[in-house]
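Biologist: I would like a careful look at one part of this protein, set against the chain around it. Please go slowly, as I am in my first year.

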Amino acid sequence: MPITPQYVESIIEKERPDGIMLSYGGQTALNCGIKIDESGILKKYGISVLGTQIPGIVATEDRQKFKDAMVKCNVPVLKSKTVNTFDEAKKVAKDLGYPVIVRVAYTLGGKGGGVASNEIELHEIAGRGIAASLVGQILIEEYVGDWKQIEYEVMQDYSKNNVIVCNMENVLSMRVHTGDNIVVAPSQTIDNHEYHMLRSAALRATKHVGIVGECNIQFALDQSSDTYAAIEINPRLSRSSALASKATGYPLAYMSAKIGLGYSLPELVNTVTKKTTACFEPALDYIVCKHPRWDFTKFELANRNLGPTMKSVGEVMAIGRKFEEVIQKSIRMLDIGKDGLVLNRQNGKSFDDEQIEERLQTPDDNILYYVVAALHKGVSIEKIYQLSAIDPWFLKKINNIVEVERRLKSSTLDHKLLSDAKKFGFSDNQIGRAVKKEGLEIRKIRKDLGIIPAVKQIDTLAAEWPAETNYLYLTYGGTENDISITKNDSGIIVLGAGPYRIGSSVEFDWGTVNMVWGLQDGGQKNLVVVNCNPETVSTDYDICNRLYFEELTLERILDISEFERPNGIVTSVGGQTANNLTPKLADSGITLIGTSAEDVDRAENRSKFSQVLDRLHIGQPSWQAFTSIIDAKNFALEVGYPVLVRPSYVLSGAAMKVVWSQTELKKFVNEATIVSPDHPVVITKFMLDALEVDVDGVCDGENVAIGAIVEHIDSAGVHSGDAMMCIPPWRLSNKIIENITDSTNKIAREFHIKGPFNLQFLVKNEQAYVIELNIRASRSMPFVSKFVKINMINLAAQAILGKKISSIPQSMWANTGVHGIKVPQFSFMQLEGADIVLGVEMQSTGEAACFGSSFYDALSKGLTSVGYNLPKTGSALVTIGGVENREKLLQTSALLKNLGYKILATETTAEFFAEKLGEVTVVHKISEPERKPNIADLLYEKKIDFIINVPSTSTLEKYVGMLYDEYQIRRKSLELGIPVLSTIELAESFVKTLEWLQKNETSKEPLGPYKDIS
């Protein structure tokens, strides 16, 4: 169900709960809770808020009330003022002096905010900020970008007992939002006086606003004095909370829930020591580093600079004994093709001194590499500090890494140097590059020298009390293992998915956890998980017998395997990261549980896979593998443009592009080769106006269980992760469904699949063509499982253990009487400059799935869940490129007009529709501000309710000339929170949903339990 007051009230009416908790669903849940309280719903049904009460939430979320509260409890705040209009903002900014920072009330991740250096920038930021705020309020605040950013996680009960669970320091200062910052715990550069000064302020502030449960408070601290200021309090579980919880082993959400139910801190037991109470503040004998994961390369126009608006899509956490160790570990965990700060396979571009200075002052996702570049050029630490505001302590630690790199390149690799390099976080591959050897050669050398990592336990009280936990990490900063493994402890290792990113989110975490539970149900007693994402359930140490919070690299998995001596490793539920390790682990002699490495390689290698399809006489688009750009150009000319460039072994369409010309082809083939250098690039004929279909299933080598045939609502050309999906299919004929089913069975058996798989088809002219096989759990597996009420991963666990899978009814997905829709969620708003037009490379950062009694019942709830407004009346701006697209949307536009919506259109589009439909209001382009009525004015005045904007092409030229106006419309609408429908299928579905809602009410039924198929 969507998390909106309308739906939450309907559930309250049905369930009649006594209490409600608002702190566990992020900003969405918090804002919804405030709305249902304001509307009298909580009072009407006699519901108590458990945990922080509504006045406490409002006191922290409303910028003015927060400021007033801090003043009352003697916690300093920065000079600022809340406003609700641009004119007010302009006056405050003038009084404070530029630059100023704009903070938006009731939003997540700094959404809508920014730093304004002048009135023009302020106009832009204030406009979008007011539109993004729940209450239309923004705060104009003095800018202290060079101050330190320090955070405290506080736990408090109803009796106002409180403790500091974790103290954290942001490496990149106040210039960068904490969600985009590199964060270490505990703080490294503040002294005892500063620590306790801020600690006392955190406890005062928490008590004053009435926090019950957990909260995060952020401070700005002047590096040259004792001056500090509270920036904000998050009265809920956040990404910082997840980090603090995993950094300390203190289960914040669990403890917070207990407190919400009325328990006190002294009553609750520390689950790591099992002897002390929750009132003991954690003390760490290790350091953790949180490192964000960004995916800017998927957005051609996005501004990569980091600032007060969060742009990262995920994060990792590294644990070790030195900052140098954890910063390099965290970089490997990001899975971005880098092994650390130095000695990478590709060290990027070289910059002159002026460029480096500029990059240090305006940080982006490569800021640490610019620091290294500066150190390589001999720039002093003091100079780098002045430019970057990164504390000299961190810069000296980074310089230590650079010094070890120099030693590796200039000295003999003896025991001391190798040991030092490992303690400073260098991987075997990095060391190998320095001394011209392969990483596996270095591994053998160090093992012969007895240099192996120690297995350590997370210890929340720094050895003051014994730790009794299975929460582990590896480090070269230890001399002995904290635990030992006997033969009876051997079991199965399940690899997680690493950081959330575009293409890998909570769906793979669901797969990892359910695989552990499924293996336990299958009789396996020792389950080990390896993962490095602090946001995941799979990194909760009570899920498995042993949790290694570690890198998902070949080197580290081999280290863990040599210590654990497992019966085998599961790589099929951790997305592409785990899947890519399959052949390397097999080559190293590791037993893989499930489909063989040879069969996985036959599926992942696009050339081998296509040859198998030819042999099975299963249709596929024309293809060929290339290592020569000349041969690639000749093939593209032969089959005709457009063509699709497809590298092997990548996730979410990385470097996959639709190419429309010879010039583009050369550029994109080069990019694809960089992403996957060990495998040839495959070029495929791109089919226009085709449908796309996914099949999720499980096979035990012989028996195939198809969970569902899932049809994409958007036409092929939109990546499967970005397309809306529906079950059952709504346009496929019985003949096509039979053909897809037959091909799926043949392929699953041919590849001897043992476990989960996902197969993708194109459908055109009543012919089905196979485009891809993933022998692993897919992002749609949870959606399918919930729809058919059969846990497909539990079924997969049976298969990978060598058991025959339980029989399930054929075509069960077609006979449920229910419709399911999966709708993507995008974060374009946070990515300044990004265009919302979709393509073959995935850009969505999440998704929502909703079920209903009809297609439009489910779709209306899905669209609402991801933020679309579905107005019952209003105005629609229609701007469509090309006569063909206008013809396709003529019927939709006619329906829109018949439903009573006013249609606005730019001149060319208006002329076309006026001839066919009658009166259409002409509006003028943003680039022609003197012509009225102007689209920009109408957007700011909220006189447009939604926009249908379908570009005429998907080529690079869409960003220039006439079509730049369309980009401006899309971008401005996004910033002002106005829905934009950018594909023909989305526009048609949206308008028909509006029609359905005029005569129908959405269903509001709970999700049923999984069926027992054992």
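How many helices and strands does the secondary structure of the chain come to? And, for the close look, which residues of helix H30 are buried, and what covers them?

Modeller: This is a predicted model, and its secondary structure comes to 36 helices and 35 strands. Before turning to the one helix, it helps to have the whole chain in view. A compact globule of 1014 residues would have a radius of gyration near 31 Å, and the chain, with 28 Å, agrees with that expectation. Along the principal axes, the C-alpha atoms fill a box of roughly 80 × 70 × 65 Å, and 62% of the residues count as buried. If we take the contacts between residues at least 6 apart in sequence, 71% of them join residues at least 24 apart. The accessible surface is about 38200 Å², and carbon and sulfur atoms account for 49% of it.

Now to helix H30, which spans residues 855-865. Of its 11 residues, 9 are buried, so the helix is largely enclosed by the rest of the structure. The buried ones are Phe855, Tyr856, Asp857, Ala858, Leu859, Ser860, Lys861, Gly862 and Leu863, a list in which you will find the charged side chains of Asp857 and Lys861. The cover over these buried residues includes helix H1 (5-15) and helix H36 (984-997), together with the strands E26 (725-727), E29 (819-825) and E30 (846-852). Just after H30 comes glycine 867, whose phi is positive, at about 105°.

One of the covering elements, strand E26, deserves a second look, for it takes in residues 725-727 and is followed by an unusual link. The peptide bond from isoleucine 727 to proline 728 is cis, with omega near -10°, whereas most peptide bonds are trans. Proline 728 itself lies in the loop between E26 and helix H27 (734-750). Another cis bond joins tyrosine 641 and proline 642, where omega is about 0°; this proline is in the loop between helix H25 (629-639) and strand E21 (643-646).

The cysteines can be taken next. The count of disulfides in the model comes to 0, and cysteine 726 is accordingly in no disulfide, the nearest cysteine sulfur being that of cysteine 850, 14 Å away. A pair would count as a disulfide only with the sulfur atoms within 2.5 Å. Cysteine 726 is buried, with a relative accessible area of 1%, and cysteine 699 is buried as well, at 0%.

Glycine 867 has a positive phi, and it is useful to set beside it two residues that are not glycine. Most residues other than glycine have a negative phi. Asparagine 74, however, has a positive phi near 60° and is found in the loop between helix H5 (63-72) and strand E3 (80-83). Alanine 389 has a positive phi of about 65°, and its place is the loop between helix H14 (381-388) and helix H15 (392-410). Their surroundings can be read from their accessibility: asparagine 74 counts as exposed, at 59%, while alanine 389 counts as buried, at 5%.

To return to the part you asked about, helix H30 has 9 of its 11 residues buried, and its cover includes both helices and strands.

Conventions. Residues numbered from 1 in each chain as written. Heavy atoms only, no water. Helix = DSSP H or I, 4+ residues; strand = E, 2+ residues; numbered from the N terminus. Rg over C-alpha atoms; globule rule 2.2 N^0.38 Å. Buried < 20%, exposed > 50% of the residue type's maximum accessible area, 1.4 Å probe, protein only. Contact = heavy atoms within 4.5 Å. Areas by Shrake-Rupley, 256 points an atom, 1.4 Å probe, with all protein chains shown as cover.
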